[in-house]
Each structure stands twice: as structure tokens, then as C-alpha cells.
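Me: I should like to learn how the features of a structural model are read. Could you take me through one?

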Protein chains: 2
Amino acid sequence: MARATDVNELAEHPNLTAVGLLVEVHAGLAASLGPSLEADHGLPGQRFEVLLRLVRSPGERLRMTDLAAQTTLSASGLTRVVDRLVDEGLVERAACPSDRRGAYAVLTAAGRTRVLTAVPDHLEQITSILAQALSPHEIETLSALLRRLRDVVHPDATRHTDTDC
Amino acid sequence: MARATDVNELAEHPNLTAVGLLVEVHAGLAASLGPSLEADHGLPGQRFEVLLRLVRSPGERLRMTDLAAQTTLSASGLTRVVDRLVDEGLVERAACPSDRRGAYAVLTAAGRTRVLTAVPDHLEQITSILAQALSPHEIETLSALLRRLRDVVHPDATRHTDTDC
DNA sequence: AGGTGATCCTTGCGTTCGCAACTACTCCGG
DNA sequence: CCGGAGTAGTTGCGAACGCAAGGATCACCT
């Protein structure tokens, strides 16, 4: 029972490998998809994520808090991303009539155009990469497994579809 | 054929969903695992990743370039992470005799102790989270799918096991 | 030998992010 | 009606990253 064996047993445990692979794939996808998304459409990662959530939401608007919960950003990070989107004219802030603390981020016409232009390109690149690695059925399997994992590590991601005001 | 239908068809395409889930899971895992790893062992994400690669490598050393290829960092990012690890006494730099441009990052005794202390805790947390969501067989399936994806988006991650000098 | 292009690593600069502190507002119990 | 606890959003500050540029070295070809 040498020490080195213990190290490898720990370091190559299947669960650690699974998480390591997930981190690697995430980084690899970001490296493959991010630059072209930014170069072709001026929408680096987080900005695109925010715009995508907005265009899919009723009224193309979302409370700052909900937007933060649905993206990978903290509340303060979201404030600054929205700041930049406002500077670019892609998003506007709107007051919430039922809660004067609150603020909506609302997609502008320019923002809608921008994201609707970017999505097809983005989707095509994603599809190209996924198709090289997995069959459609395997992609479904992967999504199902990831979804179950997501529900454990981030259960709040799908709520807040109710717009009360 | 309303426009809104097109938006949803695009925005909810299975491939886009798969990538979105992967990003969400990555962020959720980082949020769950990162803080305790840092609070309990003083090893925020990237530092841990570097130490883990080193402890698994022959001679507990790796060229800077190889280390950058195996982690999610750029070359410059890696330089600074290693700087911090050197400041903390967990890693040392060593010259490469066969290439005077090159530099090795070598684990110190303190670095080995630190990572070997952190790994069991980390692994236990990972296992706890994974077990809540997936069966062991499903984890294997997930890993197999992610590995195929990794080989497409980041094929250089597993090479460079040869230490020539 | 000598020179040209590539590679390894580091540094200057700008950008982005999260935490903690702050303001403004809401909600609730007395 | 009032006061305290809790929530929504923003900002100061420090930490971390990538890109592009730079110095040193290597590899190869003539």
C-alpha cells in the first residue's frame, strides 16, 4: 500500500473525473464559441446570455433579481452587464409600478434584432460541434442527465415565470 | 408563421438547451464547491486545479505550457497562478536543463500535503452532490458523453505525458 | 557560422467579476 | 401610525483573467 497508490486512487476517482470533464468541456466550448460570437455580433458571453433570457421572456422584460438567478451572474455583476447593454442601446431599464425598489431590464428593438441575428449563427456552431461528438439521441441523454444535475445544484433556475406587475 | 414562433423555435432548440444546461451546471458546481474548498483549504478553483495536475504528474512537476494546456488557463493566467502558489510555498519553479527557455512548476512538500488534504473533502462534496442527482451508472454514462465532447473541443488535454528531460 | 522564424514564458494594460457596504423601499407586528 | 427586519438594486474595492507585446532561446536551413 504505497502512498502513491492512494494519491492516484483519489485523484482518479470516477466522480472527480466526471467533474473535471465537465469543467474542461465548459472551458473548451467557451473558447470555441465565445470569440466568434463576440467578433461577429459584439456579444461576449454574459451579454448574450442576458439577451437570450430577455427575448424568451414575456414582454421581453425581466426583473434584475430574476435575471441574476437565471444567469451565472451575481446581482452586482448583472447590474454592470445591464449597464453595458444600456450603453449599447440594446436594453433599457424600466421602473416596476408595484415595487419602487425594483427595476426591469427591457429589450429594445435594437437588442431584439441583435440577438435574433446572433442566435442562428451561434446555434449553427453549437450544432456543428455537438454533431462531431454525439448523435442526436446521445445529446438528448446528455441533456437529461445534466438537467437532473442542474436541479440539484441550482434549483431556482426555472422559476419566476410569473410576472405580477 | 408568426415571428414569435421562430424565436422560440430557435431559442429552445435542443442543442442550445444542452449547452445552456452545461453552463448552468458548471456555474452551480463552482458555486457549491468553490467556497468550501477555499475556506477550508485556502485553494480557490484554479489553484486547486493546478495542484491536482501536478500531484498526478511524474516527478510532481510539469512544464508551464503543458500545465496551461491541461487547465482552463491561458499561458499568462497560468504564470500568475503559479506566482501565487510560489508565494504560498506550495510550488517551486525549476529550470529545464534541455531548454533554457522552459520552466517547470514543481510541487513542494507543503504543496503535496495541502492538496492531499483537500482532495478527500472535495471528493466527498462532489460525491454527495452527484449521488443526489444520478446513479453510479448514470455518472459513468455522463462521463463517457462528456469525454467524447471534450475530445472534440479540446483534443490536447490528455497528451504530453512524456517528460523528456 | 549566421540568420530567420517559431516557441516559452513573462509583463503592461484594460476588462470583468464578486463581496461587502450602502441607499431606498416594502412588509409586518404592536 | 411607527419602528425594525428584510429585500432590490447599485457602488467601492480588490482580485483575477486574457490579449498583445516583449525578451530570451531554440531549430532549421543555407
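Reply: The following turns go from the fold of one chain to the pairing of the chains, the core, the backbone and the DNA.

Me: What is the status of this model, and which elements does chain A have?

Reply: The model is predicted. Chain A is built from 7 helices and 3 strands. Read from the N terminus, the order of its elements is α-α-α-β-α-α-β-β-α-α.

Me: How many residues does chain A have, and what percentage of them is buried?

Reply: Chain A has 165 residues, of which 33% are buried. As for contacts with a separation of 6 or more in chain A, 52% join residues 24 or more positions apart.

Me: How is the relation between chain A and chain B to be described?

Reply: In general, two copies of a chain are related by a rotation about an axis and a shift along it. Here, chain B is superposed on chain A by a rotation of 180° with 0.0 Å of shift along the axis, and the RMSD is 0.0 Å. That is the relation of a two-fold axis. Both copies use the same surface, since 100% of the contact residues of chain B recur in chain A.

Me: Which residue of chain B comes closest to the rotation axis?

Reply: That residue is Leu142(B), whose C-alpha lies at 3.2 Å from the axis.

Me: How many residues does each chain bring to the contact, and which elements of chain B supply them?

Reply: Chain B and chain A bring 51 residues each. On the side of chain B that touches chain A, at least two residues come from each of α1 (3-11), α2 (14-41), α3 (45-55), α6 (109-133) and α7 (136-153). The most come from α2(B), with 16 residues. By class, this side of chain B comprises 32 nonpolar, 12 polar and 7 charged residues.

Me: Where is the largest nonpolar core, in terms of the elements that give residues to it?

Reply: The largest nonpolar core has 28 residues, and Val25(A) and Val25(B) have the most contacts inside it. Two or more residues are given to this core by each of α2 (14-41) and α7 (136-153) of chain A, and by each of α2 and α7 of chain B. Val25(B) illustrates the contacts with chain A: leaving aside residues up to four places away in sequence, Val25(B) touches Leu22(A), Leu146(A), Leu149(A), Arg150(A) and Val153(A).

Me: What is notable about the phi of Glu60(A), and is the residue buried or exposed?

Reply: Most residues other than glycine have a negative phi. Glu60(A), although not a glycine, has a positive phi of about 50°. Glu60(A) sits in the loop between α3 (45-55) and β1 (61-63) of chain A. This residue counts as buried because it has 21 C-beta neighbours inside 10 Å, the threshold being 20 or more.

Me: What is the phi of Glu60(B), and where is this residue placed?

Reply: Glu60(B) likewise has a positive phi, near 50°, and lies in the loop between α3 and β1 (61-63) of chain B. Glu60(B) counts as buried, with 21 C-beta neighbours inside 10 Å.

Me: Which residues are closest to DNA strand D, and which elements supply the surface near this strand?

Reply: DNA strand D is surrounded by 21 residues, the closest being Thr65(A), Ser76(A), Ser76(B), Gly77(B) and Arg100(B). At least two residues of this surface come from each of α4 (64-70) and α5 (75-87) of chain A and α5 (75-87) of chain B. The most are given by α5(B), with 4 residues. By class, the surface near DNA strand D has 6 nonpolar, 8 polar and 7 charged residues.

Note on methods: Residues are numbered from 1 along each chain as its sequence is written. Chains are lettered from A and ligands numbered from 1 in the order in which they are written. This is a predicted model: local features need pLDDT of at least 70, side-chain atom pairs count only at pLDDT 80 or more; totals for chains, interfaces and linings use all residues. A residue is near a molecule or strand if its C-beta atom, placed from the backbone, lies within 6 Å of it. Ala, Val, Leu, Ile, Met, Phe, Trp, Tyr, Cys and Pro count as nonpolar, Asp, Glu, Lys and Arg as charged, and the others, Gly among them, as polar. Copies are superposed by least squares on the C-alpha atoms of residues with pLDDT of at least 70 in both. Two residues are in contact if their C-beta atoms, placed from the backbone, lie within 7 Å. A residue is buried if 20 or more other C-beta atoms lie within 10 Å of its own, exposed if 12 or fewer, and partly exposed in between; C-beta atoms are placed from the backbone. A nonpolar core is a set of buried Ala, Val, Leu, Ile, Met, Phe, Trp, Tyr and Cys residues joined through C-beta atoms within 7 Å.
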